[in-house]
Amino acid sequence: MTDVATCTETVPMPLPAPSPFAGLSAFPLTPVRDGRLDEDAFAGLIDRLVAAGVDSIAPLGSIGCGPYFSPEDRAEVARLTVDRADGIPVTIGIGALSTRDVLTNAEAAAAAGAAALLLAPVSYHPLTETEVVELFRAVTSASGLPVIVYDNPTTTRFTFTTELYARLSEIEGIAAIKIPGLPLSPADWQERVAGIRQATGGRVAIGVSVDAYGAEGLIAGCDAWFSAIGGTIPAPMLAITRAIQAGEAERARELAVHPQPLWDLFSAHGGSLRVGAAIAEHLGLVTGDCLPAPLKGLSTEDKRRVASVIDDLGLS
């Protein structure tokens, strides 16, 4: 049997030019203070990502709570991000309940100078596959910016199939698909990524999310890692990404094991959102509970546990 890890290590990946569809895409929080967008804290988060040298920045994703903000706030987030990104490509999350609001968000992102759009099929009533296809078709028809298909069944309750990926990849303007991470073996990861690549005919980039599986997704051939925690503590995620790009798969796996207690916290608290907010508070990047209502941060006791894990791991 061929040793997947060994093969990966012998062929270093060239470092790509900055792109929304390659390398580490960092997803920052969108902090609030006293019920309003905390522009100073958000600007500090973006400056932190620029200093770290991430490959792209993607505000208003799931950890960025895009649908909780008004179109005006979302336009301001887009403007702030692009203005402070220092040339790093910016992808703006535009998902909303109505196609009308999605198109408004897309227009604001383009006006701000975004490089790409990130679209999740947000809904109150469950969407059909046809409705999802038409949503993406409406956005690509109205905007000249490339679109990333944001597959996040945990938040949208919509499940994409490989066949649907294939249909969407045929729409001009669809540039990438973000697939959710899964606890698969290295061989199964390779099979999964290869199957999506074959189904989509190589027409789109493939990105992986769910931080615990970012390393395996990249090693298996994903082009990008869409990282929630990378929007708050980018350095460890960048180290993993750069190791893989250098062909050092086993080194990347070693680096990915180190933050396992953090991945365990994500599992315990239903994902990265509340844990990520607690980390940002512990590091002094935000003031107090920074999530938009009705969302609430972790309890005081759970925040202490998060702080202890971050300090024990030496993450900052």
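**Exercise 1. Phenylalanine 27 and its partner**

Decide whether phenylalanine 27 is buried or exposed in this predicted model, then classify its ring pair with phenylalanine 226.

*Solution.* Start with accessibility. Phenylalanine 27 has a relative accessibility of 4%. Buried means under 20%, so phenylalanine 27 counts as buried. Phenylalanine 226 is buried too, with a relative accessible area of 4%.

Now for the rings. A pair of aromatic rings is described by the distance of the centres and the angle of the planes. Here the centres lie 5.9 Å apart and the planes meet at 70°. Planes over 60 degrees apart count as edge-to-face, so phenylalanine 27 and phenylalanine 226 form an edge-to-face pair.

Finally, place the two residues along the chain. Phenylalanine 27 sits in the loop between β1 (23-26) and β2 (32-33), while phenylalanine 226 belongs to strand β10 (residues 224-227). They are 199 residues apart, and their pairing links distant parts of the chain.

**Exercise 2. Another pair, and a cluster**

Work out whether the rings of phenylalanine 160 and tyrosine 165 are stacked or edge-to-face, and find which residues ring pairs link into a cluster.

*Solution.* Take the angle between the planes: it is 25°, with 6.0 Å from centre to centre. The cut-off for stacked is under 30 degrees, and this pair is indeed stacked. Both phenylalanine 160 and tyrosine 165 are buried.

For the cluster, follow the ring pairs: they link Phe27, Tyr150 and Phe226. The count for the model comes to 5 aromatic pairs.

**Exercise 3. Do the cysteines bond?**

Explain why cysteine 65 and cysteine 290 do not form a disulfide.

*Solution.* Look at the sulfur of cysteine 65. The closest cysteine sulfur is in cysteine 290, at 8.4 Å. A disulfide needs the sulfur atoms within 2.5 Å, so this distance is too far for a bond. Starting from cysteine 290 instead leads back to cysteine 65 as the closest, again at 8.4 Å. Both cysteines count as buried, with relative accessibility of 4% for cysteine 65 and 3% for cysteine 290. A search of the whole structure finds 0 disulfides.

**Exercise 4. Into the core**

Find how many residues the largest nonpolar core has, and which have the most contacts inside it.

*Solution.* The largest nonpolar core has 107 residues. Phe136, Phe160 and Leu262 have the most contacts inside it. To see what this looks like for one of them, select phenylalanine 136: beyond its neighbours up to four places away in sequence, it touches residues including Leu119, Val149, Phe160 and Ile174.

**Exercise 5. The annotated active site**

Locate the positions that UniProt marks as "active site" and explain why they gather at one spot.

*Solution.* The unreviewed UniProt entry places this feature at Tyr150 and Lys178. They span 29 residues in sequence, yet no two of their C-alpha atoms are more than 5.2 Å apart, so they gather at one spot.

Next, look at each residue. Tyrosine 150 lies in strand β7 (residues 147-150) and counts as buried at 7% relative accessibility. Its side chain makes a polar contact of 3.0 Å with that of serine 62. Phe27, Phe160 and Lys178 are among the residues tyrosine 150 touches.

Lysine 178 is in strand β8 (residues 174-180) and counts as buried at 1% relative accessibility. Its contacts include Tyr150, Asp151, Asn152 and Phe226. Phe226 brings you back to Exercise 1, as the edge-to-face partner of phenylalanine 27.

Conventions. Residues are numbered from 1 along each chain as its sequence is written. This is a predicted model: local features need pLDDT of at least 70, side-chain atom pairs count only at pLDDT 80 or more; totals for chains, interfaces and linings use all residues. Side-chain values use heavy atoms; hydrogens and water are left out. Rings of Phe, Tyr and Trp (its six-membered ring) pair if their centres lie within 6.5 Å; planes under 30 degrees apart count as stacked, over 60 as edge-to-face and the rest as tilted. Helices (H or I, at least four residues) and strands (E, at least two) are DSSP runs, numbered from the N terminus. Buried means under 20% relative accessible area, exposed over 50%, partly exposed in between (1.4 Å probe, protein chains only). A nonpolar core is a set of buried Ala, Val, Leu, Ile, Met, Phe, Trp, Tyr and Cys residues joined through side-chain atoms within 4.5 Å. Contact means heavy atoms within 4.5 Å. UniProt positions are given in the numbering used here, feature names are shortened, and annotations may be inferred rather than shown by experiment. A polar contact is a pair of N or O atoms within 3.5 Å; within protein, one must be able to donate a hydrogen and the other to accept it, and residues adjacent in sequence count only if both atoms are side-chain atoms.
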